[in-house]
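Let us take a walk through a protein structure together, one step at a time. Have the picture ready to turn as you read.

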Amino acid sequence: MVALSLVVSREASASKSARPQIAFSNVALNLGGKAIVEDLSLTVRPGEFLCIIGASGCGKTTALRLAAGLYQPTSGSVEFDGQPMRTPRRDIAIVFQDYGKALLPWRTAAGNVSLALEANNVPVSERAPRIDALLKKVGLPNHAGKYPAEMSGGMQQRLQIARCLAQDPKALLMDEPFGALDAMTRQGLQDEVLSLVAAANMTVIFVTHDLEEAIYLGDRVIGLLPNPGRIGIELTIDLPRPRDQLTTRENPEFLRLRRELFDFIKASEA
Amino acid sequence: MIPDRFKGLVFPAAALAALEIWARSVDLHSDSLAPPSAIAAAFGLAISDGAFLSATRDTLASAFAGLIIGGAIGLAFGIALGVFQVFDRLMEVTVEAVRPIPSIALLPIALIALGFGYRMEIAIIAFACVWPILILSRAAVQEVEPRLMEVARALRLSPADRVRKIIIPAALPRIFVAFRLAAGIALIVAVTVEIAINPIGLGAAIMAAQQGLQPDLMLAYLVWIGVIGYGLNAGLNLAQRHLFGRAALVGDPA
């Protein structure tokens, strides 16, 4: 009995994880007559951390926006949890690179987080404690009353992440979220995102042009080729977790992957 | 020697002194000019006997009523045209055809329809105030940061919430600038209507002084209208800075 139920539950979990959270099938997108991405097929498992890299103009951000439902494919399909994506969904949160433009400058940190709770119809009485908890989670516990303009870039990006977490998303789509930040802030945020994502078991697509960042964060890295954007390389990252800024980056496997991606980018630009 | 903020007063003070000296030296008797001292005396008298007060009340009441009615119409249409592109295209020709009509050209029609008094004046002021607020609030709405609109889409905010929580707050500083501009226009149109035909307010009072051959009182009214205009603009500037901080001054056409 025990053994049987064990088998059943393992099968159930296996079939559950077999269904991808996000699935692109032969996706193409033309904008203004120009093919931006072509024949893009990829799947992301629930809880997986997928990084997308590529030279600029290769369609990384476009792929992310397709996953978000902000673009509709010209042909092919994008599915989330087995359902076709026709519009954005509240259980998919997007972290934009330009945090300065994505935050409401007339609302405080607490007010910006509140926007997502309001959108999700969270009752007023529950908002304050959840806002406090979210700001604490992203390391901004004492900044609830500050306006975005009074915060540093790193703090603003933390705030945007808090707003995304307030959506209680299944998937987090991040578009070069740390591209505009200095190296120290960026490393700190990388580790925080890893722990936040692991705690909430979220599926992540993370677009970056920083190859090391992609290897450091990801379970898998996809490299896109430009004109039109298509998949050129796919690497599984088997580095142990939790990852560490020093030991992970010194791991010979890390260096081998870095070399491989570096060569890929060089070849794609040639 | 002179504190910076008073330097701007040096020229007007010198000009007034020169005017006074000139008027006395030629022993001025004129239907159109008066020495500053006589203007000041007329000013004092008009304040103390309440003539300024009642005329100012009439003019400002009309100006504000017109501003509020025209502003509300302009704002509602401006936001609607900014949000719905289809509506904007549908109304484009109509707006561009009606907008250039000088508000004062409506005076004959307004007079027939509404007669002398507040209603006619308010209607003309409202017409004049609709356009700057409509055009500028439409532009402000159309130029809301596209990233914010994407955030609204990603959060699936309802259309009403998009307008209420994103578009209006984002456009508000520029809408307030439009409101300030329209307030100036309201005062100009109010006085113009009163000078042209309507027997109330500061415009009618300045005409009465002119026809009564009282240049000192006429010029006192002129100075007073200037003071009101200055005060109105200063007050709205103060409110703007207080409400929106430095961000408000971005996109200020003035």
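The paragraphs below go from chain A to the place where the chains touch, and then to chain B. Keep in mind that this is a predicted model.

Begin with chain A and its domains. The domain assignment splits this chain into domain 1, made of residues 1-91 + 170-270, and domain 2, made of residues 103-168. Notice that domain 1 is written as two stretches of sequence, 1-91 and 170-270. Between the C-alpha centres of domain 1 and domain 2 of chain A the distance is 25 Å. Where these domains of chain A meet, ten residues of domain 1 and ten residues of domain 2 take part in the contact. On the domain 1 side, helix H7 (residues 183-200) of chain A gives the largest share, with four residues. What kinds of residue make up that side of domain 1 of chain A? Seven are nonpolar, one is polar and two are charged.

Next, look for the strands. Chain A has an open sheet of four strands in the order E2-E1-E4-E5, with antiparallel pairing. Strands in a sheet are held together in pairs by backbone hydrogen bonds, and the pairing can be parallel or antiparallel. At the edges of this sheet stand strand E2 (34-44) and strand E5 (83-84) of chain A; each has a single partner strand, so one side of each is left without a neighbour in the sheet. Strand E1 (residues 22-31) and strand E4 (residues 75-80) of chain A pair with each other in the antiparallel sense over five bridges. To find a spot in this pairing, locate Ala28(A), which stands opposite Ser75(A) in E4(A).

Now move to the place where the chains touch. Chain A brings 14 residues to this contact and chain B brings twelve. On the chain A side, helix H3 (99-102) and helix H4 (109-119) of chain A are the elements that give two or more residues. The largest share, three residues, comes from H4(A). Sorted by class, this side of chain A has eleven nonpolar residues, three charged ones and no polar ones.

Chain B has a simple pattern to read: eleven helices and zero strands. Its C-alpha atoms fill a box of roughly 75 × 60 × 30 Å along the principal axes. Of its 254 residues, 37% count as buried. Among contacts in chain B between residues at least 6 apart in sequence, 74% join residues at least 24 apart.

Take helix H8 (residues 146-154) of chain B as an example. Which of its residues are buried? They are Leu148(B), Val151(B), Ala152(B) and Ala154(B). These buried residues cover an arc of only 165° around the axis, which puts them on the same side of H8(B). An α-helix has 3.6 residues a turn, so residues three or four places apart point the same way. The buried residues of H8(B) pack against helix H2 (60-68), strand E6 (92-95) and H3 of chain A, and also against helix H9 (159-196) of chain B. After H8(B) comes Arg156(B), with a positive phi near 55°.

Finish with helix H11 (residues 215-244) of chain B. Its 30 residues reach 43 Å from the first C-alpha to the last, close to the 44 Å expected at 1.5 Å a residue. Among the buried residues of H11(B) are Pro215(B), Leu219(B) and Ile225(B). The buried residues of this helix pack against helix H3 (36-48), H9 and helix H10 (201-211) of chain B.

How values were computed: Residues numbered from 1 in each chain as written. Chains lettered and ligands numbered in written order. Predicted model: local features only at pLDDT ≥ 70, side-chain atom pairs only at ≥ 80, totals over all residues. Buried ≥ 20, exposed ≤ 12 C-beta atoms within 10 Å, placed from the backbone. Contact = placed C-beta atoms within 7 Å. Domains from an automatic or database assignment. Nonpolar A, V, L, I, M, F, W, Y, C, P; charged D, E, K, R; others polar. Pairing = 2+ DSSP bridges. Arc of directions from axis to C-beta. Expected span 1.5 Å × (residues − 1).
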